[in-house]
Amino acid sequence: MSEKELDKSKRGFLVATSVVGGVTAVGAAVPFAASMMPSERAKAMGAPVEVDISHLGPGEMMRVEWRGKPVWVLRRTPEMLTSIEKSDDRVTDPKLEVDQQPDYAKNEARSIKPEVLVLVGVCTHLGCSPQFKPKEMSPDMGADWVGGFYCPCHGSKFDFAGRVYKGAPAPINLEVPRYMYLADSKIVIGEDKKGA
Ligand code: FES
């Protein structure tokens, strides 16, 4: 592993938690209704999260907390995108027939812009969080590993689009959340043009 790769590896997941909305003014609520309302904290936990991805270089991934779940944002390299094309016959649901992504992510890269992947980092088997396993940093994954994500709990493997490999205990692909771009380097997770 080169020094540059080691440095990237050490940087690991960056955390961004900028809540942008979701807390709506309630107005003059009657006491009984107010007592049934979710707390401000609960509402904030469900709010969309704004993320600045301007610092994210090719091959780097950051982690964002949204609704108590880890969400990954990965700026994929051309090699990572090529590895997805080559994985079609190795994954369970190459045509994305299971509803695990919004319509605008129902494409080969499972994203709005091919180079930027946004994915809920929760394994669809029993809920562990898989590990980021680029090919060049993962000699432990074997010679045929083209890179992706690996869940060490029970061995599920996913490609760089979050599609699960055949034979894994995870039954379906990782989920793509709703998201949209506010600018080239700014996205909102948990909301799209249709609203939250
Ligand atoms: S929770 Fe990921 S393989 Fe079981």
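Trainee: Why does S138 count as buried?

Mentor: In this predicted model, the relative accessibility of S138 is 2%. Buried means under 20%, so S138 falls within that class at its 2%.

Trainee: Where does S138 lie, and what does its side chain reach?

Mentor: S138 is found in the loop between strand 7 and strand 8. Its side chain reaches the backbone oxygen of P134 at 2.7 Å. A polar contact requires N or O atoms within 3.5 Å, and the distance of 2.7 Å from the S138 side chain satisfies that limit. Leaving aside residues up to four places away in sequence, S138 also touches K133 and W145.

Trainee: What makes strand 7 and strand 9 edge strands?

Mentor: Strands 7, 8 and 9 form an open sheet in the order 7-8-9, with antiparallel pairing. Strand 7 (131-133) and strand 9 (156-158) each pair on one side only, and they are the edge strands. From one strand to the next, the twist averages 25 degrees.

Trainee: How do you know that strand 8 and strand 9 pair?

Mentor: Pairing calls for at least two bridges. Strand 8 (residues 148-151) and strand 9 are joined by 3 bridges in the antiparallel sense, so the criterion is met. Within this region, C151 stands opposite S156 of strand 9.

Trainee: What makes C128 and C153 a disulfide?

Mentor: The S to S distance between C128 and C153 is 2.1 Å. The cut-off is 2.5 Å, so the pair qualifies as a disulfide. A search of the whole structure finds 1 disulfide.

Trainee: Why is the disulfide of C128 and C153 called left-handed?

Mentor: The torsion about its S-S bond is about -100 degrees, and the disulfide is therefore left-handed. C128 belongs to the loop between strand 6 and strand 7, and C153 to the loop between strand 8 and strand 9, so the pair ties together parts that are 25 residues apart in sequence.

Trainee: Are C128 and C153 buried or exposed, and what of C123 and C151?

Mentor: The range between 20% and 50% is termed partly exposed. C128 has a relative accessibility of 22% and therefore counts as partly exposed; C153, with 37%, is also partly exposed. By contrast, C123 is buried at 5%, and C151 is buried at 2%.

Trainee: What makes the side chains of strand 3 alternate?

Mentor: Along strand 3 (residues 49-52), V49 and V51 point to one face and are buried, whereas E50 and D52 point to the other and are not. Strand 3 runs antiparallel to strand 11 (residues 186-189), with 4 bridges between them. The bridge partner of D52 in strand 11 is K186.

Trainee: Which residues touch the most other members of the largest nonpolar core?

Mentor: The core has 34 residues, and those with the most contacts to other members include V51, F149 and I187. Strand 6 (116-120) gives the most to this core, with 5 residues. In soluble globular proteins, nonpolar side chains tend to be buried together.

Trainee: What is notable about phi of R67 and phi of R110?

Mentor: Phi of R67 is near 50 degrees, a positive value in a residue other than glycine. Phi of R110 is near 55 degrees, likewise positive in a residue other than glycine. R67 lies in the loop between strand 4 and strand 5, and R110 in the loop between helix 4 and strand 6.

Trainee: How do you know that R67 is partly exposed and R110 buried?

Mentor: R67 has a relative accessible area of 44%, and is therefore partly exposed. R110 is at 0% relative accessibility and so counts as buried.

Definitions and conventions:
Residues are numbered from 1 along each chain as its sequence is written. This is a predicted model: local features need pLDDT of at least 70, side-chain atom pairs count only at pLDDT 80 or more; totals for chains, interfaces and linings use all residues. Side-chain values use heavy atoms; hydrogens and water are left out. Helices (H or I, at least four residues) and strands (E, at least two) are DSSP runs, numbered from the N terminus. Axes are lines fitted to C-alpha atoms, for helices over the stretch in contact, and angles run from 0 to 180 degrees between N-to-C directions. Buried means under 20% relative accessible area, exposed over 50%, partly exposed in between (1.4 Å probe, protein chains only). A polar contact is a pair of N or O atoms within 3.5 Å; within protein, one must be able to donate a hydrogen and the other to accept it, and residues adjacent in sequence count only if both atoms are side-chain atoms. Contact means heavy atoms within 4.5 Å. A nonpolar core is a set of buried Ala, Val, Leu, Ile, Met, Phe, Trp, Tyr and Cys residues joined through side-chain atoms within 4.5 Å.
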